[in-house]
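Work through the exercises below with the sequence and coordinates open. Each task is followed by a stepwise solution.

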Amino acid sequence: MRILIVDDERPARDKLRRLLNQETDISAIQEARDAYEALHIIAEFQPDVAFLDIQMPEVTGIELAASLPSPAPLIVFVTAYDQYAIRAFDANAIDYLLKPFDQARLQRALLRVRTRLQERVPDDKLALSAQLTPPTASAYPVQQLLITERGVTRVVRTEQIRWIETADNYVVLHCEHEHTLMRQTLSSLLDTLGTQFARCHRRAAVQLGWIDRIISLEKGDAEIVLRSGEHVVCSRQYRLELIEKIQANPSRPG
């Protein structure tokens with residue numbers, strides 16, 4: 001197994017590394033001090049599992065887990081605070097280690113990790129994607145996304161995203177002043193963003209609060225006009241469902 005430890009406290013990283021070094025099936029361990037450093041390491045190191053501290057400066061472990069591209073490493077949250085347990089399991093964590101923990105407790109977590117790794121079918125990308133689905137907004141609303149490209153990590157606030165479209169293996173996030181590429185599928189990103197966003201086309205989605213009006217077109221299709229003045233296509237396949245979601249979610253950003 002390849003392990004990544006993410007914790008802003010050096011003593012906590014050292015302790016976990018010492019315990020992990022006693023396990024015979026761990027081939028490599030790397031460390032990160034925060035979420036930004038973790039994203040860089042994950043892209044190159046490709047760990048099987050990440051041990052994430054929840055309470056970290058700027059970006060929490062839960063927010064980091066929600067921002068990971070698919071396929072992502074399995075997640076074990078590590079924290080000194082038990083009030084985060086429900087959020088952690090909503091984020092599809094394998095386990096939740098409450099500090100201080102000992103070798104026996106860590107071994108129980110690793111047993112769950114090994115079992116899950118054995119259940120993975122590498123050639124079945126759909127099954128793997130479903131296994132690693134991030135939390136929905138109803139369980140834990142994601143306030144921001146972390147996007148790393150060419151050594152630079154950017155923070156994109158969810159409220160700034162007006163609409164999203166696919167571009168090959170990427171999605172384009174259309175924000176107020178810029179367009180940002182993110183290596184992610186539209187379906188998995190929408191699972192992360194939750195109910196404030198809705199698909200309007202097989203290749204596009206909008207933030208409901210940005211919709212100003214929907215103009216009917218021929219053959220049941222429609223055109224969405226955003227409050228920013230942007231126009232987004234809406235196919236008849238998603239039109240009625242989109243209207244229902246607007247009625248159920250009247251909130252408006254900004």
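**Exercise 1. Place Lys245 on the scale from buried to exposed, then characterise its salt bridge.**

Solution.
Step 1. The model is predicted. Lys245 has a relative accessible area of 33%. Buried means under 20% and exposed over 50%, so Lys245 is partly exposed.
Step 2. Look for the partner. The side chain of Lys245 meets that of Glu241 in a salt bridge, at 3.3 Å from N to O.
Step 3. Check the partner's environment. Glu241 is also partly exposed, with 39% relative accessibility.
Step 4. Explain the spacing. Both residues sit in helix H8 (residues 236–248) and are 4 residues apart, so about one helical turn separates them.
Step 5. Look for shared partners elsewhere. Asp7, Asp53 and Lys99 are joined into one network by salt bridges.

**Exercise 2. Contrast two further salt bridges: which residues do they link, and at what distance?**

Solution.
Step 1. Start with the total. The structure contains 14 salt bridges.
Step 2. Take Arg17 and Glu31. Their side chains form a salt bridge at 2.6 Å, N to O.
Step 3. Locate the two ends. Arg17 belongs to helix H1 (residues 10–20) and Glu31 to strand E2 (residues 28–32). The residues are 14 apart, and the pair links distant parts of the chain.
Step 4. Check exposure. Arg17 is partly exposed, at 26% relative accessibility.
Step 5. Take Asp212 and Arg213. The closest N and O atoms of this salt bridge are 2.7 Å apart. Asp212 is partly exposed at 42%, and Arg213 is partly exposed at 44%.

**Exercise 3. Reconstruct the sheet that contains E8, and find its edges.**

Solution.
Step 1. Write the strand order. It reads E10-E9-E8-E12-E11, an open sheet of 5 strands with antiparallel pairing.
Step 2. Identify the edges. Strand E10 (179–182) and strand E11 (197–201) each have a single partner strand, so one side of each lacks a neighbour in the sheet.
Step 3. Add the twist. Neighbouring strands are turned against each other by 25° on average, direction ignored.
Step 4. Zoom in on one pair. Strand E8 (residues 163–167) and strand E9 (residues 170–174) run antiparallel and are joined by 5 bridges. Trp163 has His174 in E9 as its bridge partner.
Step 5. Add the helices. Helix H7 (residues 186–193) packs on the sheet and touches E8, E9, E10, E11 and E12. The direction of H7 makes about 150° with that of E11. H8 lies across E11 and E12, at about 160° to E11.

**Exercise 4. Where does the model earn low confidence, and what is the overall picture?**

Solution.
Step 1. Get the average. Mean pLDDT is 82, and 83% of the residues score at least 70.
Step 2. Find the extremes among the elements. Helix H6 (residues 125–131) has the lowest mean pLDDT, 34, while strand E12 (residues 204–207) has the highest, 96.
Step 3. Mark the weak stretch. Over residues 121–140 pLDDT stays under 50. The model has 35 contacts beyond four places in sequence for this stretch.
Step 4. Apply the rule. Coordinates predicted with low pLDDT should not be read in detail.
Step 5. Collect the global numbers. The protein has 8 helices and 15 strands. Of its 254 residues, 48% count as buried. Among contacts with a separation of 6 or more, 54% involve residues 24 or more positions apart. The accessible surface is about 13,300 Å², with 47% belonging to carbon and sulfur atoms.

Terms used. Residues numbered from 1 in each chain as written. Predicted model: local features only at pLDDT ≥ 70, side-chain atom pairs only at ≥ 80, totals over all residues. Heavy atoms only, no water. Salt bridge = Lys/Arg side-chain N within 4 Å of Asp/Glu carboxyl O. Helix = DSSP H or I, 4+ residues; strand = E, 2+ residues; numbered from the N terminus. Buried < 20%, exposed > 50% of the residue type's maximum accessible area, 1.4 Å probe, protein only. Contact = heavy atoms within 4.5 Å. Areas by Shrake-Rupley, 256 points an atom, 1.4 Å probe, with all protein chains shown as cover. pLDDT = per-residue confidence, 0-100. Pairing = 2+ DSSP bridges. Axes fitted to C-alpha atoms, helices over the stretch in contact; angles between N-to-C directions.
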